[in-house]
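Reader: I am new to this structure and would like a close look at its nonpolar core. Please take me through that part, and then through what lies around it.

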Amino acid sequence: MASSAHLHILPMLSKPRQRRRQFHWTTGYRSRDVEFTHVRYNVQRLGFAAITTEDMAFFNDLLPGCVVTDPDILEASNVDWLRTMRGCSQLLLRPRITEEVSQILRYCNSRNLAVNPQGGNTGLVGGSVPVFDEIIVSTVQMDNIISFNSNSGVLTCQAGCILENLNNYLEEQDFIMPLDLASKGSCHIGGNVATNAGGLRLLRYGSLRGTVLGLEVVLADGTILNCLTSLRKDNTGYDLKQLFIGAEGTLGIITAVSVLCPRKSAAINVALLGCDSFEKILDIFKESKGMLGEILSAFEFLDYSCREVVCEHLKLQNPLQEAPFYILIETSGSNDDHDQEKLSNFLEKVMTSSLVTDGTMATEENKIKVEGI
């Protein structure tokens with residue numbers, strides 16, 4: 001069941017085109033401005049061992065050049081994206097392959113050293129940062145694409161690949177990732193799977209419990225669990241990967257993922273609508289499912305306050321008259337004329353039935369990206 005040589009057997013195709021947005025750490029901001037999590041919630045450290053010089057020697061031998069103790073670098077890894085949680089870790093490890101993760105966890109397990117897995121550190125609930133002085137094991141350097149099969153649409157990659165980089169890689173081959181998030185420029189696919197992230201495309205492609213075909217996971221004792229299958233129709237035995245999807249790293253560290261990727265749609269349209277009650281949003285949603293059917297790929301709503309924040313911080317103009325609620329609808333399909341006709345009929349019905357007070361539609365790619373922010 002365990003294979004410590006797994007990543008050496010599979011050929012690494014390439015690293016996806018790198019793009020990282022440093023959107024959550026502002027100039028001049030220091031982690032000392034955030035209260036320690038254990039102080040805020042009055043929690044006590046459990047009986048884990050403290051790091052010794054012998055421990056540091058082991059990690060330096062295992063990961064030359066990938067052991068971080070610089071307080072200025074550790075600062076960003078100790079504080080969460082919302083700047084409400086803060087740990088005091090003094091050691092950040094950046095393994096590059098699964099075997100290194102295995103040796104780290106095996107050693108920490110034998111020494112009773114606490115470990116905190118970390119991906120892109122974009123989570124909003126504090127799960128990606130330590131509470132005390134846990135050793136942070138980051139997947140930031142595990143960012144290789146292992147394989148992609150254009151016939152099946154199955155992508156296999158290391159857990160540290162940034163979601164946006166994967167999507168850019170796939171778009172060059174007329175495919176896309178089955179999930180899309182606001183933090184796509186920084187979040188890691190391993191973290192997405194560990195938190196069972198939903199995102200904007202869930203309505204069309206479902207959750208990661210359905211699109212993730214296989215995982216490679218290192219358990220707490222260093223055992224490598226190889227469930228990295230690329231077979232979609234797999235009904236053999238226990239589906240062990242489901243235990244780790246959404247487990248947030250509590251059962252093991254995800255090191256590689258195989259995911260089913262849909263084809264990139266040839267025709268994409270976006271509509272922004274305004275309405276005056278939440279009840280009407282539900283009615284519009286039902287109409288969209290009935291009239292748009294298979295081309296409906298996203299349905300999101302925001303209220304007036306959210307729209308104000310977006311326009312203020314992104315310097316955008318509201319293209320609609322003021323309304324208590326706004327709805328963003330995306331369609332994607334293979335025939336632009338067919339999709340626009342369906343969308344136009346839908347918009348005509350919801351506007352003539354007074355469900356919508358105002359609306360606009362974008363079909364050009366640059367306008368779609370602005371409206372879809």
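Author: What follows starts with the core and moves on to the surface, the cysteines, a loop and the salt bridges.

The model is predicted. Its largest nonpolar core has 30 residues, and the members that touch the most others are Leu-155, Met-177, Val-193 and Leu-215. Several elements each supply at least two residues of this core: the strands E5 (145-149), E6 (154-158), E7 (212-218) and E9 (253-260), together with the helices H6 (163-171) and H7 (189-194). Helix H6 gives the largest share, four residues. In soluble globular proteins, nonpolar side chains tend to be buried together.

Leu-215 shows what such a position looks like in detail. Leaving out residues up to four places away in sequence, Leu-215 touches Val-193, Leu-225, Asn-226, Cys-227, Leu-228, Lys-241, Phe-244, Ile-245, Ile-254, Ala-256 and Val-257. Apart from the largest core lies another one, of 19 residues, which includes Cys-66, Leu-105, Cys-108 and Ile-135. Cys-66 counts as buried because its relative accessibility is 4%, and the limit for buried is under 20%.

Lys-241, one of the contacts of Leu-215, also takes part in a salt bridge. Its side chain meets that of Asp-239 at 2.7 Å, N to O. Lys-241 is buried, with a relative accessible area of 11%, whereas Asp-239 is partly exposed at 40%.

Nonpolar side chains also appear at the surface. Tyr-238, Leu-240, Leu-243 and Leu-251 make a nonpolar surface patch of about 450 Å². Leu-243 sits in helix H10, residues 241-244. With a relative accessible area of 51%, Leu-243 is exposed, because that value is over 50%.

The cysteines come next. A search of the whole structure finds zero disulfides. A disulfide is a covalent bond between the sulfur atoms of two cysteines. For Cys-161, the closest cysteine sulfur belongs to Cys-157 and is 4.3 Å away, which is too far for a bond because a disulfide requires sulfur atoms within 2.5 Å. Cys-161 is buried, with a relative accessible area of 0%.

One loop residue is worth following as well. Ile-295 lies in the loop between helix H11 (278-291) and strand E11 (296-303). Ile-295 is buried, at 3% relative accessible area. Setting aside neighbours within four places in sequence, its contacts are Arg-204, Glu-330, Thr-331, Ser-332, His-338, Asp-339 and Lys-342. Ile-295 and Leu-343 are 48 residues apart in sequence, and their C-alpha atoms are 9.2 Å apart in space.

Last come the salt bridges, of which the count is eleven. In one of them, the side chains of Asp-55 and Arg-111 meet at 2.8 Å, N to O. Asp-55 belongs to helix H3 (residues 53-62) and Arg-111 to helix H5 (residues 98-111), so this pair ties together parts that are 56 residues apart in sequence. Asp-55 counts as buried at 0% relative accessibility, while Arg-111 counts as partly exposed at 26%. Another salt bridge joins Glu-100 and Arg-96, with the closest N and O atoms 3.2 Å apart. Glu-100, at 10% relative accessibility, counts as buried, and Arg-96, at 31%, counts as partly exposed.

Terms used
Residues are numbered from 1 along each chain as its sequence is written. This is a predicted model: local features need pLDDT of at least 70, side-chain atom pairs count only at pLDDT 80 or more; totals for chains, interfaces and linings use all residues. Side-chain values use heavy atoms; hydrogens and water are left out. A nonpolar core is a set of buried Ala, Val, Leu, Ile, Met, Phe, Trp, Tyr and Cys residues joined through side-chain atoms within 4.5 Å. Buried means under 20% relative accessible area, exposed over 50%, partly exposed in between (1.4 Å probe, protein chains only). Contact means heavy atoms within 4.5 Å. Patches are made of residues with over 30% relative accessible area and no salt bridge: like charges are joined within 9 Å, nonpolar side chains (Val, Leu, Ile, Met, Phe, Trp, Tyr) within 5 Å. Accessible areas come from the Shrake-Rupley method with a 1.4 Å probe; for residues, only the protein chains shown count as cover. A salt bridge is a side-chain nitrogen of Lys or Arg within 4 Å of a carboxyl oxygen of Asp or Glu.
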